[in-house]
Amino acid sequence: MARVRGGLLNFLIISLVLVVVGATYVFYATPIIDEADKVSRHSAMDQFKRAIMIVRAQWIKRKQNEVFIYDTQLRENGAIEQDKTAGAVVILNNKGWPQSMDNTSSKACEQLLHMANLQQVSSPSDVYVDDIYKNGMLYCAYYLKGEPWFSYSAATGEVSEL
């Protein structure tokens with residue numbers, strides 16, 4: 001009988017330790033995972049802003065309603081690397097802000113998101129895009145995994161969190 005009690009006591013102690021370890025993980029690790037996701041979303045938004053500003057810089061330089069941009073990557077050390085063999089034509093509005101990637105307005109916001117080449121988006125199906133036209137200017141609202149993410153206004157070039 002004493003042997004059964006000792007085994008039961010060991011089982012209860014081990015179970016209690018496992019519950020404490022699990023609760024500690026949930027209490028401390030969950031906020032860290034949430035923070036990492038938030039940083040990743042913010043980084044992707046900054047990458048989108050960078051792509052918009054690269055296009056805007058080309059417009060300022062040439063004052064044309066179509067500009068060609070190269071595939072651009074930001075290295076870990078902060079240097080910008082351009083692939084001169086790959087790129088895209090971007091259509092700009094009269095204020096010099098990206099409006100679409102072709103002359104059709106269909107899926108313009110999705111095209112601009114693709115132009116930014118966001119590595120943080122694991123699956124394109126995770127992103128929902130809403131194209132709205134206000135006074136002939138494009139307004140994009142982006143949602144990641146069903147949650148509001150950021151918006152882009154082609155009237156002002158503003159990229160902001162939703």
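Two strands are taken to pair where DSSP finds at least two bridges between them. By this criterion β4 and β5 are partners, joined by eight bridges and running antiparallel. Within the pair, Ile 132 has Tyr 139 of β5 as its bridge partner. Lys 134 stands opposite Met 137 in β5. The model described here is predicted.

The overall fold comes next. The chain contains two helices and seven strands. Along the sequence, these elements follow the pattern α-β-β-β-α-β-β-β-β. The chain has 162 residues, and buried residues make up 30% of them. Helix α1 spans residues 2–62.

Four of the strands form an open sheet. Their order is β4-β5-β6-β7, and the pairing is antiparallel. β4 and β7 (159–161) stand at the edges. Each of these edge strands has a single partner, so one side of each is left without a neighbour in the sheet. Neighbouring strands of the sheet are turned by 20° against each other on average, direction ignored.

β4 and β5 form a hairpin with two residues between the strands. In its turn, Asn 135 has a positive phi of about 55°. The next pairing is that of β5 with β6, also in the antiparallel sense, over six bridges. Here Ala 141 stands opposite Ser 151 in β6. The hairpin of β5 and β6 likewise has two residues between its strands. Lys 145 takes a positive phi near 55° in this hairpin. β5 is mostly covered, with six of its eight residues buried.

The nonpolar interior was examined next. In soluble globular proteins, nonpolar side chains tend to be buried together. In the model, the largest nonpolar core has 30 residues. Those with the most contacts inside this core are Phe 48, Leu 112, Met 115, Tyr 142, Phe 150 and Tyr 152. Several elements supply at least two core residues each: α1, β1 (66–74), β2 (80–92), α2 (108–116), β4 (127–134), β5 (137–144) and β6 (147–153). The largest share, seven residues, comes from α1.

Helix α2 is mostly covered. Seven of its nine residues are buried. The buried set consists of Ala 108, Cys 109, Gln 111, Leu 112, Leu 113, Met 115 and Ala 116. Two of the residues named here, Leu 112 and Met 115, are also among those with the most contacts inside the largest core. Just after α2, Asn 117 takes a positive phi of about 55°.

A search of the whole structure finds two salt bridges. Arg 41 forms one of them with Asp 37, the closest N and O atoms being 3.4 Å apart. Both residues lie in helix α1, four residues apart, which is about one turn of the helix. Arg 41 also forms a salt bridge with Glu 147. In this pair the closest N and O atoms are 3.5 Å apart. The contact links distant parts of the chain, with Arg 41 in helix α1 and Glu 147 in strand β6, 106 residues apart. Asp 37, Arg 41 and Glu 147 are thus linked in a network of salt bridges.

The members of this network were also compared by exposure. Arg 41 has a relative accessible area of 14%; it counts as buried because this is under 20%. Asp 37 is partly exposed, with a relative accessible area of 38%. Glu 147 is partly exposed too, at 45%.

Other features lie at the surface. A nonpolar surface patch of about 370 Å² is made by Leu 9, Ile 13, Val 17 and Val 21. Of these residues, Leu 9 lies in helix α1. Helix α1 therefore holds a residue of this patch and also gives the largest share of the largest core.

Thr 85 is located in strand β2. Its relative accessible area is 75%, so Thr 85 is exposed, the cut-off being over 50%. The C-alpha atoms of Thr 85 and Asp 71 are separated by 8.1 Å. Along the chain, these two residues are 14 residues apart.

Technical notes:
Residues are numbered from 1 along each chain as its sequence is written. This is a predicted model: local features need pLDDT of at least 70, side-chain atom pairs count only at pLDDT 80 or more; totals for chains, interfaces and linings use all residues. Side-chain values use heavy atoms; hydrogens and water are left out. Patches are made of residues with over 30% relative accessible area and no salt bridge: like charges are joined within 9 Å, nonpolar side chains (Val, Leu, Ile, Met, Phe, Trp, Tyr) within 5 Å. Accessible areas come from the Shrake-Rupley method with a 1.4 Å probe; for residues, only the protein chains shown count as cover. A salt bridge is a side-chain nitrogen of Lys or Arg within 4 Å of a carboxyl oxygen of Asp or Glu. A nonpolar core is a set of buried Ala, Val, Leu, Ile, Met, Phe, Trp, Tyr and Cys residues joined through side-chain atoms within 4.5 Å. Buried means under 20% relative accessible area, exposed over 50%, partly exposed in between (1.4 Å probe, protein chains only). Axes are lines fitted to C-alpha atoms, for helices over the stretch in contact, and angles run from 0 to 180 degrees between N-to-C directions.
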